[in-house]
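The exercises below ask you to work from a model to statements about confidence, packing and backbone geometry. Try each task on the displayed structure before reading its solution.

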Amino acid sequence: MKKKLTINKDDKARILLTELLPYEVPMLFSNEGFYQLVSTKKVIPFFKRINELAQAKKDAKGRRYGIPFNYEIRKNIEGDTRALSIIHPYCQINFIELYEKYDSLMLHLCSKNPDSLRKISKVAKFIYSPEFVFPEDAHKDAELEVEPEVLDVETQYLQSYFTYYPYDLIYKFYERQMFTRLEQRFNYMMEFDISKCFYHIYTHSITWAVKDKESAKRNAAEDSFENTFDKLMQLANYNETNGIVVGPEISRIFAEIILQQVDLNVLKRLEERQCKYGVDFEVRRYVDDYFVFSNDPKILETVKKEFQKELGFYKLYLNPSKSDIKTPPFITNVTVGKRELQELLVSRYNSFFETKEKTIEGSEKKELVKVLTRIRQPYSISQKFIKDFQCIVKRNNLTYDILSKDIIRFFKRKFTKILKEGELEKDKEVVENLFITLFDILFYAYSLNINSNTTFKLAQIIVLACKYLENQKADLKHTVYSKISKEADFVLTNFYRKSKTTETNIEILNLILALKKLDESYALSVKKLKELFGIDKKEGLKSLNYFHIITLLYYIENKAIYSELLSEIENLVENRFQDDEDPFSKSELTMLFFDYINCPFVSDKSKRSILRSSKYATANLADKIKEITEIGIWFMNWDTEIDLERVLKKKEWGSSY
């Protein structure tokens, strides 16, 4: 049962947990340790030294800009990518004061247009501690109330600093009554979006949205909310005014404030042109996607042109390749395909069970109960499901990646239910064939759309399966582990070969971390790791970034089989700090510095080299290493015994928008 926990609303530092990181990161990377350090002031001496060494120019308030850590994730099945950013830790701290002083104003500025589909509504008051499949593994303090000053690390299931209204995710708009009512009232719907919105946002335009452009220029030096927010977004992005960091929730709030004013300006001009909002047309916007409804196609075009004009004033532009007019029913082939797939999934899942009579203990009465059926030919069943799925995709003129994530989401939910309610039979063959059928379907679906979200869900299923199998017979464990290992190897190898870039893809890092839960006999070889991380290509280890390095170090630990690879990584990191004259202005190298010194698998010799070359310390090196390692967690959690079920539940709890 979920437990409702009260949040200390005065704890503004909690924005480090919810507002300042992208969703798509390695599962053991987070701001949890950093939050603890900031909240308890333990970070001060370390960041004082970092600020002394960083060469980035300070602003009038003594704040330095940071160079964000930029990395790419896959955007679609064609291999197009989207750049995300990790804001420099010392720039992240700057935003705490912004929330302390202006969270109420932020709420007001995001409430001006009632028809925005995703806007902050109020400061969150509660969190809900989720249920776990294996509660006996939960830490004893997991059910405690949130601590008054600092959130306990194990109860940080925060979704966001604010609550959102009316929807947090776009699919809910299509499924709720609002969309149905609009379809009943209007004969046409037009969709369009802003081209690369966050990459093009001009930071100064926040001041134009809060005031007008003339007032903003006249009061540019004023210590106001809009000027502060403008400056913080610049500092977070290498002092750039053109474009904002992509990924953190803070950027979506920044954009929402600007786009709310765009909406109001357009509606005012349309009213002057005798276009009545609510009668002649209506507009809904989800972040940077627009939905315009009308009974007159000409009005749709007029509305679009007014948005083009107003967005141009803010140095933003509509995507020229995306403008679609629909007639009722406004549902698309995607909606039809999803409904057909849902019916197939429910039908297939129900076929895994049969109804039997069972005598009620202590009486002669009998009751009907559902029990898992004996699957005779698991591969035949999975292949039939796959063929039926392919027919749905073909029949609705879709692509595999559009629907495949629904398969993983469905079976993740059902698999969790089976384990939680103890529905698995003791019969080895029943359990074995169910697992084989499920993983055959799951890895097929995963291979069609490998992204961060599907990886997190598949990783959850693997971790839960491993937990269940820990106490089962060795031959059952071997069969299922072999299936997971074989399918993962096939999918990862093909993903690597199809990849257009020479860099390792962030999407697969979490699957590699989940595979570590298999027995050591299923560990990835050095050759396979080098292939998956692109180390076997021309650039070798030089192509590795911070996320790749920490994932590799966690996976290989200091095991003898990987000793040569560990030495190569140590040399790489040492060279990186030796070759960079200003590492602490960079988010990537700052995080790598603290996590590398804190890593239990790296030699002290290599750590001392990093301390010297970075100029962080030239004497008392052993003491400096001790100071950093005694802190606990910085950004990467190096605990090899960590409960990944809990880690992945946090990722699920704070899902991406």
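**Exercise 1. Decide how far helix 17 is covered, and check its length and its N-terminal end.**

Solution. Begin with the burial of the helix: of the 18 residues of helix 17, 17 are buried, and the helix is therefore mostly covered, taking buried to mean under 20% relative accessible area. Next, compare the expected span with the model, which is a predicted one: at 1.5 Å a residue, the 18 residues of helix 17 (residues 452-469) should span 26 Å, and the end C-alpha atoms are 26 Å apart, so the two agree. Finally, look at the N-terminal end, where N451 acts as the cap, with a side-chain oxygen 3.0 Å from the backbone nitrogen of N453.

**Exercise 2. Establish which residues touch the most other members of the largest nonpolar core, and which helix gives the most to this core.**

Solution. The largest nonpolar core holds 218 residues, and among these F95 and F547 touch the most other members. Helix 16 (residues 428-448) gives the most to this core, contributing 13 residues. Turning to that helix, 18 of the 21 residues of helix 16 are buried, so that it is mostly covered, with under 20% relative accessible area as the cut-off. From its first C-alpha to its last, helix 16 reaches 31 Å, close to the 30 Å expected at 1.5 Å a residue. To see the surroundings of F547, set aside its neighbours within four places in sequence; the residues then in contact with F547 are V25, P26, F29, F69, Y71, I86, I506 and L509. As a general background, nonpolar side chains tend to be buried together in soluble globular proteins.

**Exercise 3. Locate the cis peptide bonds at P166 and P329, and the positive phi values at E557 and K615.**

Solution. It helps to recall that most residues other than glycine have a negative phi, and that most peptide bonds are trans. The peptide bond from Y165 to P166 is cis, with omega near -5°, and P166 has its place in strand 6 (residues 162-166). A cis peptide bond also joins P328 and P329, with omega about -5°, and P329 is found in the loop between strand 10 (318-326) and helix 13 (333-350). For the phi values, E557 has a phi near 50° and sits in the loop between helix 21 (546-556) and helix 22 (563-579); because its relative accessibility is 14%, E557 counts as buried. K615, with a positive phi of about 70°, lies in the loop between helix 24 (604-613) and helix 25, and is exposed because its relative accessible area is 52%.

**Exercise 4. Describe the setting of D639: is it buried, partly exposed or exposed, and what does its side chain approach?**

Solution. First place the residue: D639 lies in the loop between helix 25 (621-629) and helix 26 (644-653). Its relative accessible area is 38%, and D639 is therefore partly exposed. A polar atom of the D639 side chain lies 2.9 Å from the backbone nitrogen of E641.

**Exercise 5. State where confidence falls under 50, and how many disulfides are counted.**

Solution. The mean pLDDT of the protein is 89, and 91% of its residues reach 70 or more. Over residues 137-156, however, pLDDT stays under 50, and for this stretch the model has 51 contacts beyond four places in sequence. The disulfide count comes to zero.

Technical notes. Residues are numbered from 1 along each chain as its sequence is written. This is a predicted model: local features need pLDDT of at least 70, side-chain atom pairs count only at pLDDT 80 or more; totals for chains, interfaces and linings use all residues. Side-chain values use heavy atoms; hydrogens and water are left out. pLDDT is the predictor's confidence in each residue, from 0 to 100. Contact means heavy atoms within 4.5 Å. A nonpolar core is a set of buried Ala, Val, Leu, Ile, Met, Phe, Trp, Tyr and Cys residues joined through side-chain atoms within 4.5 Å. Buried means under 20% relative accessible area, exposed over 50%, partly exposed in between (1.4 Å probe, protein chains only). Helices (H or I, at least four residues) and strands (E, at least two) are DSSP runs, numbered from the N terminus. A disulfide is a pair of cysteine sulfur atoms within 2.5 Å. A polar contact is a pair of N or O atoms within 3.5 Å; within protein, one must be able to donate a hydrogen and the other to accept it, and residues adjacent in sequence count only if both atoms are side-chain atoms. The expected span of a helix is 1.5 Å times one less than its number of residues.
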